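Got your viewer open? Here is a short tour, one selection at a time.

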Amino acid sequence: MTYEPAAFADLKGRTVAVTGAARGIGEAHVLALVRNGVNVLAGDLDESAVGATAERLGEQCRHGATIVPMSMDVTRAKDHHALAERAFQRFGTLDGWINNAGVYGLNGVLETSGAEFTRMHEVHVLGASFGVQAAVPAMGASGGAIVNVASIAAYVVRARSGAYSASKAAVEHLTKFQAVELGPRGIRVNAVAPGMIDTGMLSSLTGEPGMPQSAVEAVPLRRIGTPGEVSDTVLFLLSDASRFVTGHTLVVDGGGRHR
Ligand SMILES: NC(=O)c1ccc[n+]([C@@H]2O[C@H](COP(=O)([O-])OP(=O)(O)OC[C@H]3O[C@@H](n4cnc5c(N)ncnc54)[C@H](O)[C@@H]3O)[C@@H](O)[C@H]2O)c1
């Protein structure tokens, strides 16, 4: 992954947990954080892939930052708590949390099975809920910042995306409740809603990298986004530059929702 992350000096020395960190947008979050001197707890269902990602990105660490890879399933509360506890044991602090792990699947409203529907909601909605429940006690009195990864699918209706879109709309809505209840503790909770981003999740739809030209031309900026463009936005939401921003979902879609 070649990408020059944005710089936020205040992040240096902090500790942030990232779920779904093995590849795609999650991998970009890890790179963006360690280049800013942030210690990262990198959690993913795919244990060997997240270990390899941590190893590969090790040489990108700046200002003494460290990456700790961990096997986790975001649908299990105890895995989130293990991630938070590890952060505290290893670095003595937890300042940020990114609920990024995701799964995708296309199916019509009449064909979607209960298992598919449940999986989307467990990974995205329950995952974001468990993540916050584990992060808050570990953040303690010093507060912190949490970012949920929603999707443009929360706003734009496309056939055969009902289960995914409903779960991402729920994440966007849940973010507001988390922000309202945690604001008095000094914890900000925001979300990002990426549009089409060039990752394995997107290419699983078309069977090849990128998107058809017609889809690209419907985006005002005339291209799909890169994982790093989502991560730069997440860095902003984690940093003190957004210290009066909470309960907000920042859309990162090249303007695609306005077509
Ligand atoms: N790529 C896009 O165009 C796009 C657009 C909008 C939103 N998003 C969202 O961005 C996030 C990252 O997407 P991506 O494109 O990088 O996907 P990706 O498929 O490339 O990576 C997702 C990662 O999440 C991990 N994961 C899946 N289920 C998990 C679980 N139960 N526990 C822990 N880890 C798990 C996977 O192993 C994988 O490493 C997702 O939440 C996705 O819904 C992506």
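Before you start clicking, keep in mind that this is a predicted model.

**Stop one: helix H2.** Select helix H2, residues 47-57. Now colour its buried residues: Ala49, Val50, Thr53, Ala54 and Leu57. Look down the axis and you'll see that they cover an arc of only 135°, so they sit on the same side of H2. Swing round to the other side of H2, where Glu47, Ser48 and Glu55 are exposed.

What lies over the buried residues of H2? Show helix H1 (24-35), strand S2 (39-44) and strand S3 (67-71), which are among the elements covering them.

**Stop two: H1 against H2.** Hide the strands for a moment and keep the two helices. Two packed helices are described by the angle between their axes and the distance between the axes. For H1 and H2, the axes come within 11 Å and cross at roughly 30°. An angle under 35 degrees counts as roughly parallel, and that makes H1 roughly parallel to H2. The crossing of this pair, H1 and H2, is right-handed.

To see who touches whom, put sticks on Glu27, Val30, Leu31 and Val34 in H1, then on Thr53, Arg56 and Leu57 in H2. Sorted by type, the residues of this H1 and H2 contact come out as four nonpolar, one polar and two charged. Thr53 and Leu57 may look familiar: you coloured them as buried residues of H2 a moment ago.

**Stop three: H1 against H8.** Keep H1 on screen and bring in helix H8 (227-238). At what angle do H1 and H8 pack? It is about 55°, with the axes 8 Å apart. That makes H1 oblique to H8. The crossing of H1 and H8 is right-handed.

Switch on the side chains here. From H1, select Gly24, Ile25, Ala28, His29, Ala32 and Leu33; from H8, select Pro227, Gly228, Val230, Ser231, Val234, Leu235 and Leu238. This contact of H1 with H8 splits into nine nonpolar, four polar and no charged residues.

**Stop four: two backbone oddities.** Most residues other than glycine have a negative phi. Go to histidine 63, in the loop between H2 and S3, and you'll find a positive phi, near 55°. Is histidine 63 buried or exposed? With a relative accessible area of 58%, histidine 63 is exposed.

Finish at arginine 222, in the loop between helix H7 (213-217) and H8. Arginine 222 also has a positive phi, near 60°.

Terms used
Residues are numbered from 1 along each chain as its sequence is written. This is a predicted model: local features need pLDDT of at least 70, side-chain atom pairs count only at pLDDT 80 or more; totals for chains, interfaces and linings use all residues. Side-chain values use heavy atoms; hydrogens and water are left out. Buried means under 20% relative accessible area, exposed over 50%, partly exposed in between (1.4 Å probe, protein chains only). Helices (H or I, at least four residues) and strands (E, at least two) are DSSP runs, numbered from the N terminus. The arc is that of the directions from the helix axis to the C-beta atoms. Contact means heavy atoms within 4.5 Å. Axes are lines fitted to C-alpha atoms, for helices over the stretch in contact, and angles run from 0 to 180 degrees between N-to-C directions. Angles under 35 degrees count as roughly parallel, over 145 as roughly antiparallel, 65 to 115 as roughly perpendicular and the rest as oblique. A crossing is left-handed if the near helix is turned anticlockwise from the far one by less than a right angle, and right-handed if clockwise. Ala, Val, Leu, Ile, Met, Phe, Trp, Tyr, Cys and Pro count as nonpolar, Asp, Glu, Lys and Arg as charged, and the others, Gly among them, as polar.
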